[in-house]
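Thanks for coming, everyone. I have one model to show you this morning. Let me put it on the screen.

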Amino acid sequence: MAETITLWRPVGPAELELIRSSGMREFPPRLPDQPIFYPVLSEDYAIKIARDWNVPASGSGYVTRFEVRKDFLDDYEVQEAGGKAHLEYWIPADDLTRFNGAIVGRIEVTQSF
């Protein structure tokens, strides 16, 4: 069995509906003004984004958790976004289909705001 890494992604209600329509198996394609997909490495960071950014922007925010094959993520460096507690991967939008293919199991919602 492949080694996996647990990641989190804060999402708004529209993105969550698209995830649900995939059977909780994949993230939707990025919009033209969204060239990067940003999964994060801690639930605390995802909670902060969902609560502080998604709620004001769209009325609600959700935290998703999912497992990704480590061998896929080995091609990407962990990025620090404004502090050591804010770690994330920067996945180019063109790689999102491959990223979705590296998700093991289902995407789960762990928090709602």
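Where is the place of M24? M24 sits in the loop between α1 and β2, with β2 covering 36–37. Keep in mind throughout that this is a predicted model.

Stay with M24 for a moment. Its phi is positive, at about 60 degrees, although M24 is not a glycine. Is M24 buried or exposed? M24 has a relative accessible area of 16%. The cut-off for buried is under 20%, so M24 counts as buried.

Now the sheet. It is open, and it has three strands. The order is β1-β3-β7, and the pairing is antiparallel. Which strands stand at the edges? They are β1 and β7, the latter spanning 103–112. Each has a single partner strand, so one side of each is left without a neighbour in the sheet. On average, neighbouring strands here are turned by 25 degrees against each other, direction ignored.

A general reminder on pairing. Strands of a sheet pair through backbone hydrogen bonds, in a parallel or an antiparallel way.

Let's take the pairs in turn. How many bridges join β1 to β3? Eight, with β3 made up of residues 62–69 and the two strands running antiparallel. T4 has R69 of β3 as its bridge partner. T6 stands opposite E67, again in β3.

On to the other pair. β3 and β7 are antiparallel too, joined over six bridges. Look at E67 once more: it stands opposite V104 in β7. Read across the sheet, then, E67 faces T6 and also V104.

Next, the helices on this sheet. α1 lies across β1, β3 and β7. It runs at about 135 degrees to β1. α2 packs on the sheet as well and touches β1, β3 and β7. The direction of α2 makes about 10 degrees with that of β1.

That brings me to the largest pocket. Its space comes to about 530 Å³. Which residues are closest to its centre? Of the 24 residues in the lining, they are R9, E15, R30, Q34 and N54. Three elements give two or more residues to the lining: β1 (4–11), α1 (13–21) and α2 (43–58). α2 gives the most, with six residues. What about the lining by class? There are 16 nonpolar residues, four polar and four charged.

Two valines to finish. V55 first. V55 is found in helix α2. Its relative accessibility is 25%, so V55 counts as partly exposed. Which residues does V55 contact, leaving aside neighbours within four places in sequence? They are A50, S60, G61 and F113. Q79 is 24 residues away from V55 along the chain, and their C-alpha atoms are separated by 24 Å.

Then V78. V78 lies in strand β4, residues 78–80. With 38% relative accessibility, V78 is partly exposed. Not counting residues up to four places away in sequence, V78 touches L41, L87, E88 and Y89. Take Y89 from that list. V78 and Y89 are eleven residues apart along the chain, and 5.1 Å separates their C-alpha atoms.

To recap. The sheet order is β1-β3-β7. Both α1 and α2 lie against those strands. M24 is buried and has a positive phi. I'm happy to take questions.

Definitions and conventions
Residues are numbered from 1 along each chain as its sequence is written. This is a predicted model: local features need pLDDT of at least 70, side-chain atom pairs count only at pLDDT 80 or more; totals for chains, interfaces and linings use all residues. Side-chain values use heavy atoms; hydrogens and water are left out. On a 1 Å grid over the protein atoms alone, a cavity is a set of points where a 1.4 Å probe fits but cannot get out, and a pocket is an open set with protein on both sides within 12 Å along at least five of seven lines; lining residues have an atom within 4 Å of a point. Grid points are joined across faces, edges and corners, and a volume is the space filled by probe spheres set on the points. Helices (H or I, at least four residues) and strands (E, at least two) are DSSP runs, numbered from the N terminus. Ala, Val, Leu, Ile, Met, Phe, Trp, Tyr, Cys and Pro count as nonpolar, Asp, Glu, Lys and Arg as charged, and the others, Gly among them, as polar. Two strands pair if DSSP finds at least two bridges between them. Axes are lines fitted to C-alpha atoms, for helices over the stretch in contact, and angles run from 0 to 180 degrees between N-to-C directions. Contact means heavy atoms within 4.5 Å. Buried means under 20% relative accessible area, exposed over 50%, partly exposed in between (1.4 Å probe, protein chains only).
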